[in-house]
Amino acid sequence: MKKSILYIAALLLAAAPLTSCDDDKAMPPMPIPGEDLVIPQANTTILELKEAFVKNGSRDYNTVVGTKEDGSDYIIKGKVVSSDEEGNIYKNLMIEDETAGLTVSVDQTKLYQSYKIGQEVTINCTGLYMGAYGYCMNLGYEPQTGKSNPGRIPEDIFAAHAYAYGIPANVEPQVLTIEEIAPLQSKPASPEAMALMSRYVEFEDLEFENAGEPLAVQGGSTSRYAVDAEGNRLQLYNSGYSSIWANVLPSGKGNVSGILSFYNREWQLLIISMDSFQDFTGGFVAVETIFSESFASESKDFTIENINLGGQDYVWSFDSRYSCMKASGFVGSNHNTSSRLISPEIDLSGYATARASYDQACNFFSSLETAKKEAAFEVSVDGGEWTALEVPSFTDYASWNFKSSGNIDLSAYVGKKIRLAFHYSSGGVMESE
């Protein structure tokens with residue numbers, strides 16, 4: 001029997017802990033992020049980097065970034081204009097300078113915590129890979145087997161190449177029209193198109209063809225279209241794994257901002273959050289968060305039901321290293337265990353639909369199927385029996401990488417009072433008596 005460990009980092013939407021201060025005490029000076037770093041001097045604009053490695057006519061390609069003709073490294077500097085907090089942008093960091101925008105593909109989640117919108121970032125690109133995916137140029141790393149586009153930069157390697165510093169500043173989008181970007185779809189390798197790719201932009205007075213429908217279909221990627229007064233169309237590419245997928249598209253006319261991307265001869269707009277929609281005349285219905293737990297500290301709201309300790313003193317514990325709750329069947333040796341981490345009662349009265357999501361990491365499970373059985377997410381109605389829920393995007397079963405569950409449909413339980421539980425077992429699923 002292999003030992004198995006489950007980490008739960010957040011249920012539903014993560015909430016940052018509140019802090020307070022004593023007004024009678026002098027506040028210490030605010031530290032400036034990155035002030036202790038030795039930051040290399042930028043010597044290349046983003047557009048110059050793109051022009052140095054572009055392959056006109058090639059859809060997917062990659063090239064190792066070497067040194068410049070004078071032997072110096074390629075070093076760029078830009079301002080962060082993206083955030084992956086809501087999950088509509090995933091493992092990508094977008095930066096821009098006065099010449100162009102750039103997508104940086106990084107094998108890291110929660111990039112928004114280290115690279116904040118409006119913060120300056122300097123990147124030494126030498127040793128990384130420049131290339132394109134669907135004609136959209138990006139900075140990455142070694143391609144995956146069988147792929148031609150750059151792969152994601154490992155977290156530790158990116159940390160050695162990137163320097164984030166300074167107090168985040170306000171970022172204003174570049175205002176564009178669909179009419180002015182449309183002619184560039186046929187020439188993505190032109191300086192004009194490369195300059196716009198991955199920029200933070202805004203389009204005014206648009207109307208959605210799919211007004212009133214969700215941003216995306218749960219568990220998949222969905223294209224929605226907005227049109228201007230002349231009937232020109234703009235694609236919004238939305239993730240069904242994001243925390244905002246269930247929000248409906250607004251009606252009427254208004255302004256939409258986001259990251260301008262490109263794929264296979266078509267412009268795409270990637271929204272950052274629901275704040276990307278502004279001043280729509282018909283308005284929209286936002287999804288309300290009715291319960292959240294970040295597990296940033298040991299939760300007092302959740303209770304533990306030990307079904308079988310298997311000779312251990314505990315199964316669930318708070319792990320300060322990852323700021324999460326951890327369940328393990330390995331304390332000195334392997335044990336057969338079963339225990340639930342149970343939420344307080346959640347009242348779904350008065351709601352038409354409901355969903356849940358959480359982040360987790362699973363390690364030392366023998367297979368994915370075993371992990372799904374032994375790290376179940378369950379629901380109980382009015383104190384009744386527990387029922388396992390279908391998780392759209394289950395985490396890896398043998399790594400410490402946290403992954404979102406995707407949105408779990410709870411619509412069958414609206415109008416009822418429920419509890420949710422993380423049911424962990426090791427050495428086989430243990431049923432409660």
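**Exercise 1. In this predicted model, find what Tyr 115 touches beyond the residues up to four places away in sequence, and place Tyr 115 in its nonpolar core.**

Solution.
- Step 1. Leave out residues up to four places away; Tyr 115 then touches Val 80, Leu 93, Val 121, Phe 158, Ala 162 and Ala 164.
- Step 2. Turn to the largest nonpolar core, which has 33 residues. Tyr 115 is listed among the residues with the most contacts inside this core, together with Leu 102, Val 104, Ile 123 and Phe 158.
- Step 3. Helix H1, residues 46-53, gives the most to this core, with four residues.
- Step 4. There is also a second, separate core; its 29 residues include Val 315, Leu 348, Leu 420 and Tyr 424.
- Step 5. As background, nonpolar side chains tend to be buried together in soluble globular proteins.

**Exercise 2. Which strands pair with strand S5, and in what sense does S4 pair with S5?**

Solution.
- Step 1. Locate S5 at residues 101-107; six of its seven residues are buried.
- Step 2. Strand S4, residues 92-96, pairs with S5 in the antiparallel sense over five bridges. Glu 96 has Gly 101 of S5 as its bridge partner. Four residues lie between S4 and S5, and the two strands form a hairpin.
- Step 3. Strand S8, residues 136-140, runs parallel to S5 and is joined to it by two bridges. Here Thr 103 has Asn 138 in S8 as its bridge partner.
- Step 4. Strand S9, residues 153-154, is also parallel to S5, with two bridges. In this pair Asp 107 stands opposite Pro 154.

**Exercise 3. Is Asn 255 buried or exposed, and what does its side chain meet?**

Solution.
- Step 1. Asn 255 belongs to strand S15, which spans residues 253-263.
- Step 2. The relative accessible area of Asn 255 is 14%. The limit for a buried residue is under 20%, so Asn 255 is buried.
- Step 3. A polar atom of the Asn 255 side chain lies 3.1 Å from the backbone nitrogen of Asp 205.
- Step 4. Set aside neighbours within four places in sequence; the contacts of Asn 255 are then Glu 202, Phe 203, Glu 204, Asp 205, Ser 276, Phe 277, Gln 278, Asp 279 and Phe 280.

**Exercise 4. Where do Arg 265 and Phe 364 lie, and what is the sign of phi in each?**

Solution.
- Step 1. Arg 265 sits in the loop between S15 and strand S16 (266-270). Its phi is near 70 degrees, a positive value in a residue other than glycine.
- Step 2. At a relative accessible area of 35%, Arg 265 is partly exposed.
- Step 3. Phe 364 is in the loop between strand S25 (358-363) and helix H5 (368-374). Although not a glycine, Phe 364 has a positive phi of about 70 degrees.
- Step 4. Phe 364 is partly exposed as well, with a relative accessible area of 30%.

**Exercise 5. How many disulfides are counted, and are Cys 136 and Cys 324 buried or exposed?**

Solution.
- Step 1. A disulfide needs two cysteine sulfur atoms within 2.5 Å; the count is zero.
- Step 2. Cys 136 has a relative accessible area of 6% and is therefore buried.
- Step 3. Cys 324 has a relative accessibility of 0%, so Cys 324 counts as buried.

**Exercise 6. What is the make-up of the whole protein chain?**

Solution.
- Step 1. The chain contains five helices and 30 strands.
- Step 2. Of its 433 residues, 48% are buried.
- Step 3. Among contacts with a separation of 6 or more, 74% join residues 24 or more positions apart.
- Step 4. The exposed area is about 20600 Å², with 46% of it supplied by carbon and sulfur atoms.

Notes
Residues numbered from 1 in each chain as written. Predicted model: local features only at pLDDT ≥ 70, side-chain atom pairs only at ≥ 80, totals over all residues. Heavy atoms only, no water. Buried < 20%, exposed > 50% of the residue type's maximum accessible area, 1.4 Å probe, protein only. Contact = heavy atoms within 4.5 Å. Areas by Shrake-Rupley, 256 points an atom, 1.4 Å probe, with all protein chains shown as cover. Polar contact = N/O pair within 3.5 Å; in protein donor to acceptor, adjacent residues only side chain to side chain. Pairing = 2+ DSSP bridges. Core = buried A, V, L, I, M, F, W, Y, C linked by side-chain atoms within 4.5 Å.
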